[in-house]
There are 2 protein chains.
Amino acid sequence: MTSDDIPRPGPQRAMRADVRRNRARLLAAAREMFERDGAGASLEAVARLAGVGIGTLYRHFPTRQDLLEALLADVYDGLAATGRELLVSPAPGEALTTWLRAFIVRITAFPGMAAAAAVSLRPEQPGRPEPSGARRAVRDAGEALFRRAQDAGDVPADAEFADALRLAGAIAMVTERDPEAADRLLALAAAGLAPGKGAHGG
Amino acid sequence: MTSDDIPRPGPQRAMRADVRRNRARLLAAAREMFERDGAGASLEAVARLAGVGIGTLYRHFPTRQDLLEALLADVYDGLAATGRELLVSPAPGEALTTWLRAFIVRITAFPGMAAAAAVSLRPEQPGRPEPSGARRAVRDAGEALFRRAQDAGDVPADAEFADALRLAGAIAMVTERDPEAADRLLALAAAGLAPGKGAHGG
DNA sequence: ACCTGAACACCGTTCAAGT
DNA sequence: ACCTGAACACCGTTCAAGT
C-alpha cells in the first residue's frame with residue numbers, strides 16, 4: 001500500500017512508460033469524447049479513441065467517476081494556482097467571488113463535469129478514501145481566500161467555506177454551459193437573495 | 001390536436017377508465033420505485049410493479065422525463081397552494097424563504113427528482129412545449145411571493161424570480177436528501193455570500 | 001505485469017400481433 | 001383504441017487467454 005505506484009525500478013522502465021502513455025491517451029480521449037457527448041459518453045468509444053482495449057480503461061479507471069476525477073485533478077491544480085495568485089489582490093471579497101466564478105467556469109468544461117465535481121468535493125465520508133492532492137489543493141486555496149474575505153468583513157463571520165464551495169458547485173450544475181446565467185446566480189447569491197434579516201448571529 | 005384527450009364521449013367510457021387506472025398505477029409504481037432506487041430506476045420494473053406491459057408505460061410517458069414531470073406536477077400544485085397561503089403572512093422576505101425551503105424539500109422526494117425539476121423549470125425554450133398548468137401555477141405562486149418581498153425591500157430590486165428559483169433548484173440538486181445542508185446553503189444565499197459590495201444598481 | 005476483446009448481463013425502446 | 005411482450009440494439013463490465 002505504501003509504494004504501490006513505484007513497482008521495482010530497473011528493467012521494467014519501458015513497461016512503465018507504456019502504462020503511462022496509455023493513461024495519458026485515455027485521459028486525452030476521455031476529454032475529447034466527454035466534450036463531444038457529455039460525461040455519459042460511451043467508455044468503449046473512449047477506449048477505441050485512445051487506441052487501447054476496454055479492459056485497459058477499466059484497469060486504469062475502475063469507475064467512470066475515477067476517470068472524471070482524473071480530469072478534474074488538472075482543473076483543481078489550475079484553480080489552486082489561481083487562488084494563490086488572487087491571495088495578494090487588494091479586495092478580499094472580490095478576490096473570492098472572482099475565484100468562485102473561475103471555479104464554476106472551469107468545472108463546466110463539458111456537461112456532467114460539474115456533477116462529478118460536486119461528488120468529488122462532498123464533505124469527507126467514512127467510505128470514501130482520503131482526498132487526492134489536487135482536491136486538497138483546491139480546497140486549501142479556496143479556503144485561504146475565504147478566510148481572508150471573512151477577516152476583512154466581506155463574508156459573514158458564521159459562514160463556512162465548504163458551504164460556499166458547494167453553493168458554487170450547485171450553480172455550476174444547474175447553469176452548466178451558460179456562463180451568463182452562472183454569473184447572474186453567483187451575483188444573486190453573493191449579494192444575498194433576502195439580506196438584512198439579521199440571520200447571522202456571529 | 002385540439003380535443004386529443006376527450007376522444008368522443010359515449011360507449012368508450014369504460015375504456016377511458018382503464019386508461020386512467022393504468023396511468024394512476026404507473027405513477028404510483030414509479031413513485032415507489034424512484035423512492036427506492038432513484039430517478040434512474042428500471043422502467044421495466046416500474047411497469048411490472050404497475051401490472052402493465054412496458055409498452056403501456058411508453059404509450060403514457062414517451063420519455064423518463066415525462067414520467068418524472070407527471071410526478072412533479074402534484075408537487076408543483078401543492079407548492080402553488082402553499083405559496084398562496086404564505087402570501088398573507090406579515091413578513092414578505094421570510095415568507096419567500098419559507099416557500100423556497102418548502103420547494104427544496106418537496107422536489108427532493110427521491111434522488112434525481114431535483115435534476116428533473118431543474119430541467120422542467122428551465123427558462124422557456126423554442127423546442128419545448130408550453131409549460132404545463134402545474135408548472136405555470138408554481139411559477140406564478142412563487143413569483144407573487146417574490147414580488148411582494150421585493151416591494152417590501154427584502155429582496156434586491158434588480159433580482160429576478162427565475163434566478164431565485166433556479167438557485168433554490170441548484171441547492172436542492174447538490175444537497176439532495178440532506179435537509180440540514182440545504183438549510184445552510186439557502187441561509188447563506190439568502191444572507192449573501194459576499195454582501196455589501198454595492199453590486200445592485202437598481 | 002499488462003493488455004486484449006469476446007462473452008455475458010442488463011436495460012431501454014420499438015412494433016407486430018392480439019384483444 | 002389500447003395493450004402486450006418478444007425482439008432488437010446498445011452499452012457496461014468481467015475475465016480467460018495472450019504477450
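# Reading a two-chain model with DNA

Student: Which residue of chain A comes closest to the rotation axis?

Tutor: Gly192(A) does, with its C-alpha at 1.7 Å from the axis. Before we go on, this is a predicted model, so local features need pLDDT of at least 70 and side-chain atom pairs count only at pLDDT 80 or more, while totals for chains, interfaces and linings use all residues. Residues are numbered from 1 along each chain as its sequence is written, chains are lettered from A and ligands numbered from 1 in the order in which they are written, and side-chain values use heavy atoms, leaving out hydrogens and water.

Student: By what turn and shift can chain A be laid on chain B?

Tutor: The copies are superposed by least squares on the C-alpha atoms of residues with pLDDT of at least 70 in both. Here a turn of 180° and a shift of 0.0 Å along the axis lay chain A on chain B with an RMSD of 0.0 Å. That is how a two-fold axis relates two copies. The same surface serves both copies, as 100% of the contact residues of chain A recur in chain B (contact means heavy atoms within 4.5 Å).

Student: How many helices and strands does chain A have?

Tutor: Helices (H or I, at least four residues) and strands (E, at least two) are DSSP runs, numbered from the N terminus. Chain A has 9 helices and 0 strands, and its pattern along the sequence reads α-α-α-α-α-α-α-α-α. Among its contacts between residues at least 6 apart in sequence, 66% join residues at least 24 apart.

Student: How do I read "buried", and what share of chain A counts as buried?

Tutor: Buried means under 20% relative accessible area, exposed over 50%, and partly exposed in between, with a 1.4 Å probe and protein chains only. Of the 202 residues of chain A, 46% count as buried. Asp154(A) is one to look up: it sits in the loop between helix H7 (133–151) and H8 of chain A.

Student: Is Asp154(A) buried or exposed?

Tutor: Asp154(A) has a relative accessible area of 12%, so it is buried. A polar atom of its side chain lies 2.8 Å from the backbone nitrogen of Gly93(A). We call this a polar contact: a pair of N or O atoms within 3.5 Å; within protein, one must be able to donate a hydrogen and the other to accept it, and residues adjacent in sequence count only if both atoms are side-chain atoms.

Student: Why is helix H6 of chain B described as largely enclosed?

Tutor: Helix H6 (residues 113–120) has 8 residues and 6 of them are buried, so the rest of the structure largely encloses it. The buried ones are Met113(B), Ala114(B), Ala116(B), Ala117(B), Ala118(B) and Ser120(B). They pack against helices of chain B, namely H4 (64–86), H5 (92–106), H7 (133–151) and H8 (161–175), and also against H8 (161–175) of chain A.

Student: How is a pair of aromatic rings described?

Tutor: The distance of the centres and the angle of the planes describe the pair. Rings of Phe, Tyr and Trp (its six-membered ring) pair if their centres lie within 6.5 Å; planes under 30 degrees apart are stacked, over 60 edge-to-face, and the rest tilted. There are 6 aromatic pairs over all chains. One of them is stacked: Trp99(A) and Phe103(A), 5.9 Å centre to centre with 25° between the planes. Both belong to helix H5 (residues 92–106) of chain A, 4 residues apart, about one turn of the helix. Trp99(A) counts as buried at 0% relative accessibility, and Phe103(A) counts as buried at 1%.

Student: Which residues come nearest to DNA strand D?

Tutor: A residue is near a strand if one of its heavy atoms lies within 4 Å of it. Of the 17 residues around DNA strand D, the nearest are Tyr58(A), Arg64(A), Asn22(B), Gly53(B) and Thr56(B). Sugar and phosphate make up 70% of the strand D atoms that come within 4 Å of the protein. Phosphate oxygens of strand D lie 2.6 Å from a side-chain N or O atom of Tyr58(A), 2.4 Å from one of Asn22(B), and 2.7 Å from a backbone N or O atom of Gly53(B).

Student: Which helix gives the most residues to that surface?

Tutor: H3(B) does, with 5 residues. By class, the surface near strand D has 7 nonpolar, 6 polar and 4 charged residues. Nonpolar covers Ala, Val, Leu, Ile, Met, Phe, Trp, Tyr, Cys and Pro, charged covers Asp, Glu, Lys and Arg, and the others, Gly among them, are polar.

Student: And which residues come nearest to DNA strand C?

Tutor: Of the 17 residues around DNA strand C, Asn22(A), Gly53(A), Thr56(A), Tyr58(B) and Arg64(B) come nearest. A polar side-chain atom of Asn22(A) is 2.3 Å from a phosphate oxygen of strand C. H3(A) gives the most to this surface, with 5 residues.
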